[in-house]
Amino acid sequence: MYDVVIVGAGITGTFIARELSRYELKILLIDKENDISNGTTKANTAIIHAGFDAPYNSKMGYFNVRGNPMFDKICKELDVPFKRIGSLVLAFNQEDLITIEELFENGLKSKIPQMEILDREQAKKIEPNISDDVKGALYARTAGIIGPWELAIALAENAMENGVELKLNTEVQDITKSNNGYKIVTNLGNIITKIVINCAGIYADKLNNMVSDKKLNIIPKKGQYYLLDKMAGNLVNKVIFQCPTEKGKGVVVTPTVHGNLIVGPDSEIIEEREDTRTESLRLKYIKEVATRSVPNIPFEQVITTFAGVRAEPDTGDFIIEEVEDSPGFINVAGIKSPGLSASPAIAEYVVNLVGNVYGGLNESKNFNPYRKKVIRFVELSDEEKDRLIKENPKYGNIICRCETVTEGEILDAIHRKAGARTVDGIKRRARPGSGRCQGGFCLPRVMEILAREMNEEIEETLKDGLGSYILTGKTK
């Protein structure tokens, strides 16, 4: 029997798993997907918001403001890329100027530091490539950019190093109450636990409604994106927002933590919860809206487009609470933007909820917040590269030319805790296939390494989810 089972290995689930691993608890993290961060976490704008947008008296605002300053320490402990670059919300007319004043006042109520309203000349000085039509901007210096899937993977890895168990490809089919807690019925058998933490994203309402008469309703919203080559990565230096609307924060233009440029998303309510198809008309709309902010975006340098689905709660706010009619069942649901920014603070709060159920928690004397450093060959000096290759010649074998990823890095990604088992899993951990050719050169070599290390035939190698075979057989 487990003390805690966390359902969902996205950013909130992995943050909670890592935070709970500080205590003497038997913890299991499960996910229906083939890897960590395979839902909303792998397909979003990757922004750590300053916190001025969400209402100061909402859960979104509360947890965003508390989560934002936590990322520096956490990312240092887990060796995850993170940069505080600041953000601008652009105003194009008098109505927008009123909006950024309101955002500024909301931020002041939340005690957000390092904010100011700029006039046109000040905004253009900071960001020369924004539109000449800009009338002013809200500048927030504490906003940042991050690798969200890398963070979730690092959190899971560190949680496992501190005793958390991980089971993937484990889909919840039913949850029933028992005398001592809950029985979770999955495709791989039954799991007994005292506490269930529901971090199931777009399916969080389904899990809640299995145990509670207080029903939840999650509205799936799809957002589509362009990702541009690193040659376009310096077009802007800050996260560039337009004024928010009832649909959300709107189309964003921002550099990524790895030096690319990302543009998007739109917002579309969908019926199929896992519909991540991109559509030409929606992408055309994103392009038209984005060029209002930054007119000279070089869309001829797009290397891929993608879509993600976020969980919109019909309550309009995060749902983070122990279910009233199901003691020990804790919902962490409707974690839409700024969910990534809020996630470390959410995790701390959920630990308190777990502590309330147990009447207190005992800290583990063996908790280690640091994970083993990740070798990123491209970032090393020539002297460091030479020394590393002498120690392990695998680091002298370049597999991905676009991102300069070595065989040694791929082997490390496979053999770590919560290691990669698919081509895309390796891509998310070590970045082969993330460059301008999108795996055109390195895909066969990555597959060969993965098949060899997993001791399987190359035809069994998966791109990502179960059944996503790349090869069907030999041609000669």
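Select M70 in this predicted model. M70 sits in the loop that runs between α2 (59-67) and α3 (71-78). Next, add S343. The two residues are 273 places apart along the chain, yet their C-alpha atoms are separated by 9.7 Å. Now show what M70 touches. Leaving aside neighbours within four places in sequence, M70 is in contact with P344, A345 and E348.

**From the loop to the helix pair**

Select α2 together with helix α9, residues 339-358. Two packed helices are described by the angle between their axes and the distance between the axes. Here the axes of α2 and α9 come within 7 Å and cross at roughly 100 degrees. That crossing makes α2 roughly perpendicular to α9, because angles of 65 to 115 degrees count as such.

Show side chains at the contact. On the α2 side, pick F63, N64, R66 and G67. On the α9 side, they meet S341, A342, P344, A345, I346 and Y349. Colour this contact by class: six residues are nonpolar, three are polar and one is charged. Two α9 residues should look familiar: P344 and A345 take part in the contact with α2, and M70 touches both P344 and A345.

**The small sheet**

Move to the strands. Select β3, β8 and β4, which form an open sheet of three strands. The order is β3-β8-β4, and the pairing is antiparallel. At the edges lie β3 (47-48) and β4, each of which pairs on one side only.

Zoom in on β4 and β8, residues 144-146. Three bridges join this antiparallel pair. Pick F82 to see one bridge partner: I146 in β8.

**The second largest pocket**

Stay with β4 (82-84), which supplies at least two residues of the lining of the second largest pocket. Rolling a probe the size of a water molecule over the atoms shows where empty space is left. The second largest pocket has a volume of about 570 Å³. To find its centre, select E150, H258, R376, R429 and R431, the closest to that point among the 33 residues of the lining.

Then highlight the other elements around the pocket. α6 (148-161), α11 (407-415) and α12 (423-430) each supply at least two lining residues, as β4 does. Which helix gives the largest share of the lining? The helix is α6, with four residues.

Finish by colouring the lining by class. What are the counts of nonpolar, polar and charged residues? The lining has 16 charged, 14 nonpolar and three polar residues.

Note on methods
Residues numbered from 1 in each chain as written. Predicted model: local features only at pLDDT ≥ 70, side-chain atom pairs only at ≥ 80, totals over all residues. Heavy atoms only, no water. Contact = heavy atoms within 4.5 Å. 1 Å grid on protein atoms, 1.4 Å probe; cavity = no way out; pocket = protein on both sides within 12 Å on 5 of 7 lines; lining within 4 Å. Points joined across faces, edges and corners; volume = space filled by probe spheres on them. Nonpolar A, V, L, I, M, F, W, Y, C, P; charged D, E, K, R; others polar. Axes fitted to C-alpha atoms, helices over the stretch in contact; angles between N-to-C directions. Parallel < 35°, antiparallel > 145°, perpendicular 65-115°, else oblique. Pairing = 2+ DSSP bridges.
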